[in-house]
Structure formats: structure tokens, C-alpha cells
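Trainee: I'd like a close look at one part of this model, the fourth helix of the third chain and whatever packs against it. Could you walk me through that part, then show me how the rest fits around it?

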Amino acid sequence: MNGGVITGGWAYVWAAYGLTTAALLLYGVTLIARLRQERARAGRER
Amino acid sequence: MIAILRKELLLQWRTRSQFMAVFVFGATALLLFSFSIGPNSEALRTFSAGFLWLGLLLSSTLTLAESFHAEMENRALEGLLLLPANPRAIYYGKTIANWLQLTLLGIALVPVMVILYDAGTTKLLQLLLIIMLGSAGLSAPGTLYAAMTAQVRAKQTLLPLLLFPLIVPALLASVKATSLVILGDPMEQSRSWISLLAAFGAIYWSLCGLLFGRVVEE
Amino acid sequence: MSEMTLPRGTAARIVPGAILLAIAAYFGFIVALAQHYGAAVSFGLPSGAQAAIAALAGVAGAVYFLSTDDLGMSMRPAQLLVALGVICLFVGSYYGLFVAPPETYMGQVQRIMYVHVPTAWNALLAMTFAFLCAVIFLFRSGWNWDARLEASIELGVLLAFLLCCQGAIWAKPTWGVWWDWDPRLTTTAVLLFAFLGILALRRFVEDPLKRAVWSSVATIIAYVDVPIVYFSVKWWNSLHQQQSTPGTVSAQFYVPLRMNAFGVLFLMTGFIMLRARIAALRLEQELAPPLPAEEVV
């Protein structure tokens with residue numbers, strides 16, 4: 001840190017945004033997959 | 001509730017060898033902690049309060065799990081509930097018994113701490129108060145979760161998993177207060193930590209008592 | 001498939017929630033955006049009041065959607081919310097990354113706040129909704145509330161985990177360490193572990209009723225602990241450090257912040273609704289009467 005100003009740091013910004021986006025995306029995908037699976041199972045049982 | 005308390009204490013007296021085993025476990029833990037720092041008496045003394053409470057916390061998982069062991073062995077929990085006793089009475093009876101046992105354990109571990117870490121103090125009454133309040137904070141949610149996890153498959157892992165995050169404030173306050181007793185308290189902070197401990201205990205003794213009925217109903 | 005058309009009554013049921021969310025979004029960031037381009041659309045309300053209305057309406061709208069969702073076949077409202085959420089996050093993040101100016105002292109790193117703060121608000125909201133579900137379940141029963149409990153705890157855990165990671169990523173360039181025992185972040189970590197424990201509890205209890213009652217009890221106990229943990233860590237920390245925490249954002253940065261906040265809110269609400277459906281389907285299967293045994297000849 002020079003004179004109290006943080007230079008650069010884009011790497012950290014991308015890391016934070018990237019992680020968040022990836023996690024939310026991944027979770028959404030697993031949600032859809034799990035939902036399909038549960039529905040298929042419920043459909044079979046009927 | 002007195003009857004339940006008496007029964008619990010009687011049971012604990014009869015199985016006092018178990019208490020010895022838990023004490024040895026706690027003392028061993030304190031010994032092992034010292035190896036994590038090394039033979040640096042200055043550092044050991046600084047962290048002695050933390051080690052004491054960590055040791056007590058780890059031992060508490062054994063003690064708490066024990067408290068419902070008898071009921072689970074003989075499915076006696078159902079029998080207990082059929083009695084005209086209030087589940088709340090059962091809860092407080094068991095919690096008080098656990099509290100006394102943890103306090104005793106804490107007191108027993110103090111000499112171990114004094115010897116291993118050169119962490120002596122003259123303010124014994126204050127130390128006793130802290131141990132009593134800290135154990136109270138541990139035993140209230142501990143008894144509730146012990147009742148839950150006793151009926152579950154993975155009981156040994158679930159009890160600490162559920163309990164440990166919860167008692168963080170009690171742990172913080174106990175360690176802080178104890179280390180002030182051992183290392184000196186120039187700014188008179190112990191009062192606030194002790195009040196925090198007391199508040200935590202008050203909140204959880206009432207809340208868990210209220211909720212216990214739902215945990216053991218069939 | 002019959003779920004392509006909304007069942008009758010769904011539209012009417014959604015309307016109050018949609019209105020609430022629209023009001024929230026309006027005062028949250030649409031007004032600010034419009035004013036940026038010169039339009040005067042704020043109905044003369046001071047910005048503090050606008051922020052309050054946005055927050056309250058947003059929370060109310062989300063809670064409304066979550067509580068009135070019948071966990072049935074139709075997923076349209078949930079899908080719409082997810083889509084809206086993604087759009088808000090896209091636009092908000094674009095704004096935050098490329099349009100908003102860098103802060104004086106923190107430079108570019110400050111942009112992390114545009115995801116960090118929204119995640120924080122929504123994690124807390126998820127946990128609070130979980131607490132609500134737990135209380136309602138214990139007082140009123142109703143398996144839907146157990147399903148919602150499971151869903152909101154899972155989302156809360158996800159967001160809390162993200163929060164801890166983002167906090168560490170923010171702390172490293174700013175303070176030079178990955179973790180600095182900031183009371184808010186530390187409380188989040190404790191919260192994360194506590195609710196992870198509840199998820200573990202759910203996995204190990206097979207009886208649905210016991211599972212529901214116990215996780216409700218555990219949720220109440222854990223949630224009550226949150227303020228206690230926060231204050232105790234604050235006192236504990238204040239004796240050692242005087243570092244300022246990633247604090248409030250000054251006025252000129254709040255558009256991307258608010259947009260992302262709504263983005264995560266919409267996304268999270270949609271996710272909770274979908275996740276609750278999974279839980280409900282599983283419950284349905286567990287609670288169904290056992291199939292008749294095979295004839296033993």
C-alpha cells in the first residue's frame with residue numbers, strides 16, 4: 001500500500017465476483033438437476 | 001424435579017469411575033495443548049485460560065453424552081415421560097446435574113493448569129465463579145442437544161457439531177475472564193465478561209427449558 | 001405438460017408480492033438511475049425514506065412470495081424471480097465493475113463491496129426467514145413450513161459461505177491477512193458452522209416429524225445466538241484492534257449496490273422456492289402410506 005492507496009487489486013475483484021457467480025450458477029444447476037430427479041421419482045411412484 | 005435431580009446425582013455417584021476417566025481425558029488434553037506451543041513458559045502462561053476451557057469443552061462432550069446414556073440403554077426415556085413429571089422438570093434436573101459435574105471437572109482441572117502452565121492465582125473465588133458460570137453456559141444447550149443426539153445414529157459427531165458454534169460467546173467470555181484472573185486485570189474488565197456469561201446462561205437456561213418438551217415428545 | 005399454464009388463481013396470488021417488489025425496486029435503484037439521467041420521479045421523498053421503503057418493501061415482497069408459495073407443480077413465479085435476479089445482477093455488476101468510479105483509498109478493491117454487502121444482507125434475510133419457518137412450524141405445524149425451513153437454511157449456508165470467502169478476498173489486499181476477526185465476518189463464520197450443523201442433523205434423522213421438530217428447535221437456538229455472538233466478538237476484538245470494518249458505502253456508490261442487492265434477493269427467493277419444492281417432494285414420498293407388502297404365498 002503506498003500512501004494509503006491500494007493499487008491494482010483487479011485480480012481480487014475478479015476472484016470475488018467470479019467465485020460468487022460460479023457458486024450461484026453451480027447451485028442453480030444442481031437445483032434444477034435435483035428437482036428433475038425428485039419429480040421423476042415422484043412420477044414413477046404414482 | 002428434585003427427585004429427578006437426586007436420581008441423576010445418585011447415578012453420577014455410582015458411575016464415578018466415569019468421572020475419573022473424563023478427568024484424565026481433560027488432563028491429557030491440557031498436556032497435549034502444551035506440546036502445541038512448546039516449552040515456552042511465558043507463552044504457556046498466556047494461553048493457559050484458553051487451554052483450560054478448551055479442555056473442559058472437549059471433556060463436556062463426553063459428560064453430556066453420558067447423561068442420556070442410561071435412558072437410551074433401556075428405552076427408559078419413554079418411561080420417564082410417562083411419569084406425571086413435566087418434561088421441563090426432567091430438563092432442569094438433568095441440566096443441573098450436568099452443570100455440577102462440569103463445575104467439578106473444571107475445578108479438578110485447575111491444579112493441572114496451575115502445574116503445567118505455571119498459571120497460579122490467588123483470586124480463587126472469582127475463578128470458581130467463572131467456572132460455575134461457564135459450565136452453566138455449556139450445560140444448558142448441551143443437555144438439550146444431548147437429548148436430541150442420543151436418539152440418533154451419528155451421536156458422537158453430531159453433539160459437538162451442534163454445540164460448539166453455539167457456545168462461542170460463553171467460551172470467549174470464560175477464557176477472557178479466566179485469563180484476566182490469571183494474568184491480571186488492570187482495567188477492571190472482568191465484570192463485563194462475567195455479566196456476559198451470566199446473560200448467556202440466563203437466556204439459554206430459559207430458552208432450552210422451553211424447547212425441551214418438543215425435543216423429547218413422541 | 002400441464003404445468004405450462006399457470007393454475008387458476010396463481011396470478012391473483014402473485015400480484016401483492018409483485019407489487020411489493022416493484023415498489024422496492026423503484027425506490028431502490030430506478031429512481032436513482034432516472035435522476036442520473038435527469039428525470040424527477042421521486043415523489044418528493046428524501047433519500048433516507050426511499051432507502052427505507054425499498055428495504056422494507058423488498059423484504060416484505062420476498063417473504064410474501066416465500067410464504068404463499070404452495071410448493072405445487074407450477075414453477076413459473078420462481079423461474080421469473082430467478083430470471084429477474086440474474087438480470088439485476090448482470091446490470092448491477094456491470095455498473096459496479098466498469099461504470100462506478102474507484103474509491104479514493106481502496107482503489108479497485110472497493111468494488112468487491114458491490115457483491116459482498118448484498119450477499120451479507122441476503123444471508124441474514126435467509127437465516128431470519130428460516131427462524132420464522134421454525135417458529136411457525138413449532139406453533140402451527142404444516143409440512144410446507146418444514147420444506148421452507150430446509151430450503152432457507154441451505155440458501156443461508158451457501159450465502160454465508162460466500163460471504164466468508166468474499167470477506168477473505170477483500171481482507172487480503174486491504175489488511176494483508178486473510179482473516180482479521182472482524183466481528184461481522186466472525187459472526188458469519190460461527191453462523192455458517194451452526195447452520196451447517198443443522199443441515200447435518202437433518203441428514204442423520206430419519207423420522208420426518210422428529211427431523212422437522214428438532215431442526216426447528218435447533219434453528220431457533222442458533223438464531224437467538226447470532227446477536228450474542230456478534231456482541232461478544234465485538235467486545236473481544238475491540239481490545240486488540242482498531243481496524244475499521246468494510247463499512248457503509250457513501251451515497252454515490254449505491255446504485256450498483258442496490259441493484260445487486262435486489263438481484264441476489266430475487267435470485268435467492270426463486271432458489272428457496274425451488275429448493276423447497278425438492279424438500280416437499282421428498283417429504284411427500286416419506287410421509288406416504290407404505291406400499292402394500294408383497295403377498296407371501
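Mentor: Here is a walk along that helix, then its partner, then its chain, and then the neighbouring chains.

Keep in mind as we go that this is a predicted model.

Let's start with the helix by itself. α4 of chain C covers residues 113-140. A quick check on its length works nicely: at 1.5 Å a residue, its 28 residues should span 40 Å, and the C-alpha atoms at its two ends are 40 Å apart, so the two values agree. Right after the helix comes S141(C), and its phi is positive, near 60°. That's worth a second glance, because most residues other than glycine have a negative phi.

Now for the partner. When two helices pack, people describe the pair by the angle between the axes and the distance between them. Here the partner is α8 of chain C, residues 254-287, and the two axes come within 8 Å and cross at roughly 40°. The helices α4(C) and α8(C) are therefore oblique to each other. As for the hand of the crossing, α4(C) passes α8(C) in a right-handed way.

Which residues make the contact? On the α4(C) side you'll find M113(C), Y114(C), V115(C), V117(C), P118(C), T119(C), W121(C), N122(C) and A126(C). Facing them from α8(C) are P256(C), L257(C), N260(C), A261(C), V264(C), L265(C) and M268(C). Sort this contact by class and you get 13 nonpolar and three polar residues, with no charged ones. Try reading the numbers on the α8(C) side, such as N260(C), V264(C) and M268(C). An α-helix has 3.6 residues a turn, so residues three or four places apart point the same way.

Let's zoom out to the chain that holds this pair. Chain C comes to eight helices and zero strands, so to speak an α-α-α-α-α-α-α-α run from the N terminus on. It has 297 residues, and 46% of them count as buried. Look at the contacts in chain C between residues at least 6 apart in sequence: 82% of them join residues at least 24 apart.

One loop in chain C deserves a stop as well. W181(C) lies between α5 (143-175) and α6 of that chain. Like S141(C), which follows α4(C), W181(C) has a positive phi, here about 60°, although it is not a glycine. With 14 other C-beta atoms within 10 Å, W181(C) is partly exposed.

Next, the neighbours of chain C. Its contact with chain B takes 23 residues from chain C and 23 residues from chain B. On the chain C side, α6 (183-204) and α7 (208-238) each supply at least two residues, and α7(C) gives the most, with 14. By class, that side has 20 nonpolar, two polar and one charged residues. Chain C also touches chain A, in a contact that takes 25 residues from chain A and 29 residues from chain C. The chain A side of it has 15 nonpolar, five polar and five charged residues. Chain A itself has one helix and zero strands, and of its 46 residues, 17% count as buried.

Finally, chain B offers a helix pair to set beside the one you asked about. The axes of α3(B), residues 41-67, and α7(B) come within 10 Å and cross at roughly 35°, and this crossing is right-handed. From α3(B), the residues W53(B), L57(B), S60(B), L64(B), A65(B) and S67(B) meet G134(B), L138(B), G142(B), T143(B) and A146(B) of α7(B). The contact divides into six nonpolar and five polar residues, with no charged ones.

Just ahead of α7 (124-150), in the loop that links it to α6 (87-117) of chain B, sits D118(B). D118(B) is another residue other than glycine with a positive phi, near 55°. It has 13 C-beta neighbours inside 10 Å and so counts as partly exposed. Farther along, S206(B) is in helix α10 (residues 190-216) of chain B. With 11 C-beta neighbours inside 10 Å, S206(B) counts as exposed. S206(B) and A140(B) are 66 residues apart in sequence, yet their C-alpha atoms are 8.8 Å apart in space.

Terms used. Residues are numbered from 1 along each chain as its sequence is written. Chains are lettered from A and ligands numbered from 1 in the order in which they are written. This is a predicted model: local features need pLDDT of at least 70, side-chain atom pairs count only at pLDDT 80 or more; totals for chains, interfaces and linings use all residues. Two residues are in contact if their C-beta atoms, placed from the backbone, lie within 7 Å. Ala, Val, Leu, Ile, Met, Phe, Trp, Tyr, Cys and Pro count as nonpolar, Asp, Glu, Lys and Arg as charged, and the others, Gly among them, as polar. Helices (H or I, at least four residues) and strands (E, at least two) are DSSP runs, numbered from the N terminus. A residue is buried if 20 or more other C-beta atoms lie within 10 Å of its own, exposed if 12 or fewer, and partly exposed in between; C-beta atoms are placed from the backbone. Axes are lines fitted to C-alpha atoms, for helices over the stretch in contact, and angles run from 0 to 180 degrees between N-to-C directions. Angles under 35 degrees count as roughly parallel, over 145 as roughly antiparallel, 65 to 115 as roughly perpendicular and the rest as oblique. A crossing is left-handed if the near helix is turned anticlockwise from the far one by less than a right angle, and right-handed if clockwise. The expected span of a helix is 1.5 Å times one less than its number of residues.
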